[in-house]
Amino acid sequence: MEILFRATTIGTLGIAERDGSITNLFFQTDTPPAQGTNPATALLKEAFCQLDAYLAGALRCFTLPLAPAGTDFMRAVWKELCKVPYGTTTSYKAIATALGKPGAMRAVGMANNRNPLPLFIPCHRIIGATGKLVGYAGGLELKKKLLALEAESLQKTL
């Protein structure tokens, strides 16, 4: 695994690559693996270019090869998360229902919590059934900021 760390508008982030795919995104508060840090591979550079464009409101959909490690259920949840449109939110219940498991809201929440690629797999767009912002690896303030960034970007295009 190769990891590149870089400052962004939301703090220093780390992006990991293994075998030609992006596998992890690390926030400042995360403890990433120590080996293979700070290579400047073409894929890691491209990942940061796309991330910078997203954070500037200029990119709405990432086009990176992603390979998050997880159970089949987790990967199914993450696939559903990627279907949530830019600038919108949905609930854990809606994701569970889309998976054909309407009672699996807590399991969806746990898969969301274990998403190794926050931002690239947009778990920040998932909110509680009451519309309340709940849990985010980067913190609720960052979640609020990302949702506001997406809403503002959409407003600019109207």
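Which pattern of strands and helices does the chain follow when read along the sequence? In this predicted model, the order is β-β-β-α-α-β-α-α-β-α. The secondary structure amounts to five helices and five strands.

**Overall form**

For 158 residues, a compact globule would be expected to have a radius of gyration near 15 Å, and the chain agrees with this because its own value is 15 Å. Along the principal axes, the C-alpha atoms fill a box of roughly 40 × 40 × 25 Å. Buried residues account for 43% of the 158 residues. If one takes the contacts between residues at least 6 apart in sequence, 60% of them join residues at least 24 apart.

The accessible surface of the chain is about 8100 Å². Carbon and sulfur atoms hold 57% of that surface. The chain carries 17 positive and 11 negative charges, and the mean positions of these two sets lie 9 Å apart.

**The nonpolar core**

The largest nonpolar core has 39 residues. Those that touch the most other members are Ile15, Ile22, Leu51, Tyr54, Leu119 and Phe120. Two or more residues come from each of the strands β2 (11-18) and β3 (21-26), and likewise from each of the helices α1 (42-55), α2 (72-81), α3 (92-98), α4 (105-113) and α5 (140-156). Helix α1 contributes the most, giving seven residues to this core.

**Four residues in their places**

The table sets out the place and the relative accessible area of four residues.

| Residue | Place | Relative accessible area |
|---|---|---|
| Thr8 | strand β1 (residues 2-8) | 15%, buried |
| Asp19 | loop between β2 and β3 | 77%, exposed |
| Lys45 | helix α1 | 47%, partly exposed |
| Leu119 | loop between α4 and β5 (126-127) | 1%, buried |

Thr8 belongs to strand β1. Thr8 counts as buried because its relative accessibility is 15%, and buried means under 20%. Apart from neighbours within four places in sequence, Thr8 is in contact with Leu13, Phe48, Leu51, Asp52 and Leu55. One of these, Leu51, is also among the core residues that touch the most other members. Between Thr8 and Thr29 there are 14 Å from C-alpha to C-alpha, with a separation of 21 residues in sequence.

Lys45 sits in helix α1. The relative accessible area of Lys45 is 47%, so this residue is partly exposed; the class covers values between the 20% limit for buried and the 50% limit for exposed. Lys45 and Gly135 are 90 residues apart along the sequence, and their C-alpha atoms are 29 Å apart in space.

**Two positive phi angles**

Most residues other than glycine have a negative phi. Which sign does phi have at Asp19? Asp19 is not a glycine, yet its phi is positive, at about 50 degrees. Asp19 lies in the loop that runs between β2 and β3, and this residue counts as exposed because its relative accessibility is 77%.

Leu119 is not a glycine either, and its phi is positive, at about 80 degrees. Leu119 is found in the loop between α4 and β5. Is Leu119 buried or exposed? At 1% relative accessibility, Leu119 counts as buried. Leu119 is also one of the core residues that touch the most other members.

Notes. Residues are numbered from 1 along each chain as its sequence is written. This is a predicted model: local features need pLDDT of at least 70, side-chain atom pairs count only at pLDDT 80 or more; totals for chains, interfaces and linings use all residues. Side-chain values use heavy atoms; hydrogens and water are left out. Helices (H or I, at least four residues) and strands (E, at least two) are DSSP runs, numbered from the N terminus. The radius of gyration is taken over C-alpha atoms; the globule rule is 2.2 Å times the number of residues to the power 0.38. Buried means under 20% relative accessible area, exposed over 50%, partly exposed in between (1.4 Å probe, protein chains only). Contact means heavy atoms within 4.5 Å. Accessible areas come from the Shrake-Rupley method with a 1.4 Å probe; for residues, only the protein chains shown count as cover. Lys and Arg count as positive and Asp and Glu as negative; His and the chain ends are not counted. The place of a charge is taken as NZ of Lys, CZ of Arg, CG of Asp or CD of Glu. A nonpolar core is a set of buried Ala, Val, Leu, Ile, Met, Phe, Trp, Tyr and Cys residues joined through side-chain atoms within 4.5 Å.
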